[in-house]
Amino acid sequence: MAGAAASVGGAETFTLARVGTFRTAFPSGFGCPRQGLAAPSARGRVDFEPWVASAAAGGGGGFLEGLEEFSHVWVIFVFDQNRHSSASFHPAKSFLRSSVKPPWLVDADGRRGSHGVFATRTPHRPNPVGLTVCRLDRVDHARGRVFLSGVDVIDGSAVLDVKPYHPVDSLLHTPGAAGLPSAAGPAEADAGTRSEGASACAASWLGAAANSPDAGGGGVAGPAVHFPSWLPAPRPRAEVRWREAALERLAALQPYCGLYPDERDVALGDSADREAAVQTLRLALEEVLGLDPRTPQSRCRAGDRGTTTHRYWALDFDALSIAFRLASVADAGQVFEVVHVELRGEQGTRSSKAWLDDLRAELEGGAASADARAEGAEAATEDARPLETELYGTPGIPSTPEGQAPA
C-alpha cells in the first residue's frame with residue numbers, strides 16, 4: 001500500500017492492491033445473504049492474483065502458508081460489483097454522501113427514513129469496502145485459491161485481504177465487559193512479566209472458545225449486544241417447498257453449475273456422486289430462500305406490512321434461474337415454493353417481470369394474467385423487476401446476531 005499526496009475533498013487517499021477476486025453463486029445482489037453464515041451451504045472461492053498465486057505455488061513461505069490450520073477466515077473486499085457502484089467510486093461524489101435510506105427503516109406510511117452512512121452497512125460509502133467471515137473448506141496452494149462456504153458477496157468482487165478468524169473475534173464470547181486482558185504489561189515490566197501477560201491472554205481466549213455455545217460449553221457472558229429497533233429481529237428460516245417438476249429440472253441442470261460440485265469435492269473423493277451434488281445445491285438454495293431474499297418494499301404494500309405486492313420472484317444462483325412464489329403466510333412463518341428452474345439466460349430478451357408473468361399464467365391459468373397486469377401497475381412504482389434489489393442492505397460486514405439483516 002502506498003500513501004498518496006492527492007487530496008479529494010480534503011481527504012488523504014491511499015492506493016491498495018487487488019490480491020484476488022471473489023467467485024460466488026450470486027451474480028447480483030438479489031438473494032445474496034445479508035449474513036453469510038446464515039446460509040452455510042452458499043459456496044464461493046477467492047482466486048488470487050498471479051503474483052500472489054505464484055508465491056504460494058513456489059513454496060518456502062508463500063502468502064497462503066499455514067492458512068489451512070484455521071477453520072474460518074475474514075475476507076475484506078470491495079463493493080465494486082454493486083449496481084450504481086460507479087457513483088460510489090466517483091471522487092467528487094462519494095465523499096459528499098453522508099446519509100442513506102436503509103430498506104428496513106420504514107414508517108407506518110411506507111416512507112423510508114435516513115441514517116448516517118457509518119450507522120448502516122450500505123456499500124455506498126466513502127470507502128466502499130466490505131468485511132465478511134466465511135468457513136474455510138480448502139486451500140489450493142498450487143493454483144492460488146481458497147474455497148469458502150457461508151458466502152455473502154457478489155460474484156467478481158475485488159478482494160483486498162484475507163485474515164484468519166479466531167474465537168476472540170466473537171464479541172458474544174469475550175470473557176467480560178472489560179474485554180480481554182492486555183498481552184503486554186506496563187512499559188517498565190520485564191520480559192518475564194510480559195510473557196505471563198501473554199499467557200493469561202491466551203488462556204482467556206482458550207477459555208472463551210471452550211465455553212462458547214459452538215464448543216458445547218455453557219458460554220461466557222460478555223458485553224451486552226444491542227441494535228436499533230427498526231432492524232428486524234432474528235427469526236428462523238422460512239420453509240421452502242419444491243414442485244416435483246422443479247426438482248427434476250434442478251437435477252437435470254446441476255451439471256451446468258460451477259460450484260456444485262467443485263474442486264473441494266474432488267479433494268473429498270466424492271465428485272462422481274451426482275446425487276450428493278444435487279442435494280448440496282438444493283440445500284444451499286433452501287438456505288438462501290429461507291432467509292427471504294425479498295426487499296422490504298416488495299414484501300408488502302405501503303402502510304400494510306402484513307400483505308405482499310408480488311407473488312412470484314426470480315433468483316439467479318450459480319448457472320441457474322430459480323422462480324419461486326410465496327405459497328402461504330401462517331403464524332408459524334412464511335412458506336416459499338420453488339415452481340421452476342432453468343438456465344440463466346433462457347428467458348431470452350424478456351425482462352424478469354415479463355418472464356415471471358408468463359410463467360405465472362402458464363402455471364395458474366388465465367386468471368393469473370389479469371392479476372399479474374393489476375400487480376404490474378403497482379410494481380412499476382415500487383419494485384418493477386423482481387430480480388433487482390435495494391442495495392442499501394447488500395451483504396457486507398457480519399458479526400451481528402445470526403439472522404439479523406444489516407442496516
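Let me start at W313, where R294 lies over the face of the ring, at 4.9 Å from the ring centre, and I should say at once that what we are looking at is a predicted model. W313 is buried, and F324 is buried as well. The rings of these two residues have their centres 6.0 Å apart and their planes at 25°, and because planes under 30 degrees apart count as stacked, the pair is stacked. This pair links distant parts of the chain, with W313 in strand β12, residues 312-317, and F324 in strand β13, residues 320-330, the two being 11 residues apart.

The structure holds eight aromatic pairs. Among them is the pair of W51 and F63, which is edge-to-face, with 5.7 Å from centre to centre and 85° between the planes. Since W51 lies in helix α1, residues 50-57, and F63 in the loop between α1 and β5, the pair ties together parts that are 12 residues apart in sequence. Here W51 is partly exposed, with a relative accessible area of 44%, while F63 is exposed, at 55%. Elsewhere, F22, F77 and F79 form one aromatic cluster.

Now to helix α6, residues 274-290: at 1.5 Å a residue, its 17 residues should span 24 Å, and the end C-alpha atoms are indeed 24 Å apart, so the two values agree. The buried residues of α6 include A277, V278, L281 and A284, and the helix is followed by D292, whose phi is positive, near 60°.

Stepping back to the whole protein, we have nine helices and 14 strands, with buried residues making up 43% of the 407 residues. Of the contacts with a separation of 6 or more, 71% are between residues 24 or more positions apart.

Definitions and conventions:
Residues numbered from 1 in each chain as written. Predicted model: local features only at pLDDT ≥ 70, side-chain atom pairs only at ≥ 80, totals over all residues. Heavy atoms only, no water. Helix = DSSP H or I, 4+ residues; strand = E, 2+ residues; numbered from the N terminus. Buried < 20%, exposed > 50% of the residue type's maximum accessible area, 1.4 Å probe, protein only. Contact = heavy atoms within 4.5 Å. Expected span 1.5 Å × (residues − 1). Phe/Tyr/Trp six-rings, centres within 6.5 Å; stacked < 30°, edge-to-face > 60°. Lys NZ or Arg CZ within 6 Å of the ring centre and 35° of its normal.
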